[in-house]
Structures are given as C-alpha cells and as structure tokens.
Amino acid sequence: MDDQHQYYEKIFSTALDTRWENAPGKEVIITALKHYNFPDKANLLDVGCGTGFLLNRIYNEICATWILTGVDYSEQAIKKGKNSFPYLDLFCEDGAEMHFEANFFDVLISYGSYEHFKEPEAALAEASRVLKPGGLFFIMVPTLGVDRIDRDDEGWYLEREVV
C-alpha cells in the first residue's frame, strides 16, 4: 500500500471523513443533475465516491429509482458506505481500472477525485470507456496546486497532517 492509499485509509477510519460531505461543490452537481431528464432506471456512477454520501443525496433528493453505483480507492470508505447506505452499489477499486462493461453508465459524476489519481489521464479514459455514447459526465476538480486555507470543507491535501 503506497503512502496516498494509507492516507485515505487513515482518513476513512476516523471521523474526519465527514468534514467535506456538504462541500458547496457537491450542491453544484446536485443542481446540475436536477436539470436533466434522465430515464427512471438511469445508471449513475460516482468515481471516488468515498462513503457514498453524495450518492445518498441523489437517491433522496433526485431519484430513488436510479441505479446508483460508486467506486472508491479506500476499503474503509466503502465499508462505511455499505453499512450506512445498503441500497447503493459500492465497490472498492481503482477508478482507472473498473470492472464494469463498456458503455454501461448513463451518467458519471466525480467530485474532487481526479486530481488525486496517479495517472488522471488513464482514469479519464476509463470513465470514457464505461460511459454510454451521449452520456453525461459531471466532474468537479479544484484548482490544482492551490491549498485552500479559507475553508476546511473543500477537499483534502496530502501535506496536511491527519490527526
């Protein structure tokens, strides 16, 4: 397990994993999803889903009939998510190498994840592979190289010490 993987396992084994659940950027994704007319059984994938908190919001605020799936690098996050939201399909795997068939998902979302991938280009290619032609990808990536000191709920930065 590399340092970055250990970092996220440590985060998700503490209460620190909830500090960015209500980050303002997640509201942008919720609002954007509400503006589209998706089928009742749309397949949606959250890449870097953490505990599945954003997927749970989608379930409660937008559509409980969608098939909601998430992948995350952290075993701790997925374990917590499966315990908290058993109706979500959550998988512990690398977003750059997912087990899904090609052209499977109608919608992909990702909040604050791709900037943490070792090879973001490979992860984006994988997202393209599993997204149906004409599907939509809602992604939010913070300004790379800028450590926000004015907010605590807009992401994690490896240079910050985890307590």
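**Entry 1: elements and totals**

I counted five helices and five strands in the protein chain, taking DSSP runs numbered from the N terminus, with helices being H or I of at least four residues and strands E of at least two. From the N terminus on, I read the order of the elements as α-α-β-α-β-α-β-β-α-β. The model is a predicted one, so I note that local features need pLDDT of at least 70 and side-chain atom pairs count only at pLDDT 80 or more, while totals for chains, interfaces and linings use all residues. I number residues from 1 along each chain as its sequence is written, and side-chain values use heavy atoms, with hydrogens and water left out.

I looked up burial next (buried is under 20% relative accessible area, exposed over 50%, partly exposed in between, with a 1.4 Å probe and protein chains only). Of the 163 residues of the chain, 45% count as buried. The accessible surface of the chain is about 8,600 Å², from the Shrake-Rupley method with a 1.4 Å probe, where for residues only the protein chains shown count as cover. Carbon and sulfur atoms hold 52% of that surface.

For contacts I used heavy atoms within 4.5 Å. Among contacts in the chain with a separation of 6 or more, 73% are between residues 24 or more positions apart.

**Entry 2: helix α4**

I listed the buried residues of α4, which spans residues 75-84, and found Ala77, Ile78 and Gly81. Down the axis of α4 these buried residues fall within an arc of 95 degrees, so they line one face of the helix; the arc is that of the directions from the helix axis to the C-beta atoms. On the face turned away from the buried side of α4 I found the exposed residues Glu75, Lys79 and Asn83.

**Entry 3: helix α5**

I did the same for α5, residues 120-130, where Ala123, Glu126, Ala127 and Val130 are buried. They cover an arc of only 105 degrees around the axis, so they sit on the same side of α5. The face turned away from that side carries Glu121 and Ser128, both exposed.

What do the buried residues of α5 pack against? I found β1 (43-47), β4 (105-111) and β5 (131-140).

**Entry 4: salt bridges**

Side chains of opposite charge can pair when their charged atoms come close. I searched the whole structure and got four salt bridges, each a side-chain nitrogen of Lys or Arg within 4 Å of a carboxyl oxygen of Asp or Glu.

Glutamate 61 pairs with arginine 57, with the closest N and O atoms 2.8 Å apart. The two are four residues apart in helix α3 (residues 53-61), so about one helical turn separates them. Glutamate 61 is partly exposed at 37% relative accessible area, whereas arginine 57 is buried at 11%. I also noted a network of salt bridges that links Glu27, Arg57 and Glu61.

In α5, arginine 129 forms a salt bridge with glutamate 126, again with the closest N and O atoms at 2.8 Å. These two lie three residues apart, about one turn of the helix. Arginine 129 is partly exposed at 29% relative accessibility, and glutamate 126 is buried at 9% relative accessible area.

Aspartate 106 pairs with lysine 132, the closest N and O atoms being 3.0 Å apart. Aspartate 106 lies in strand β4 and lysine 132 in strand β5, so this pair ties together parts 26 residues apart in sequence. Is aspartate 106 buried or exposed? I read a relative accessible area of 17%, so aspartate 106 is buried. Lysine 132 is partly exposed at 31%.

**Entry 5: cysteines**

I looked for disulfides, meaning pairs of cysteine sulfur atoms within 2.5 Å, and the count came to zero. Cysteine 92 is in no disulfide, and its nearest cysteine sulfur, that of cysteine 49, is 9.3 Å away. Cysteine 92 counts as partly exposed because its relative accessibility is 37%. Cysteine 63 counts as buried at 15%.

**Entry 6: nonpolar surface**

I looked for patches, made of residues with over 30% relative accessible area and no salt bridge, with like charges joined within 9 Å and nonpolar side chains (Val, Leu, Ile, Met, Phe, Trp, Tyr) within 5 Å. Leu124, Ile139 and Val141 form a nonpolar patch on the surface, and together they have about 220 Å² of accessible area. I placed isoleucine 139 in strand β5, and isoleucine 139 counts as partly exposed at 37% relative accessibility.
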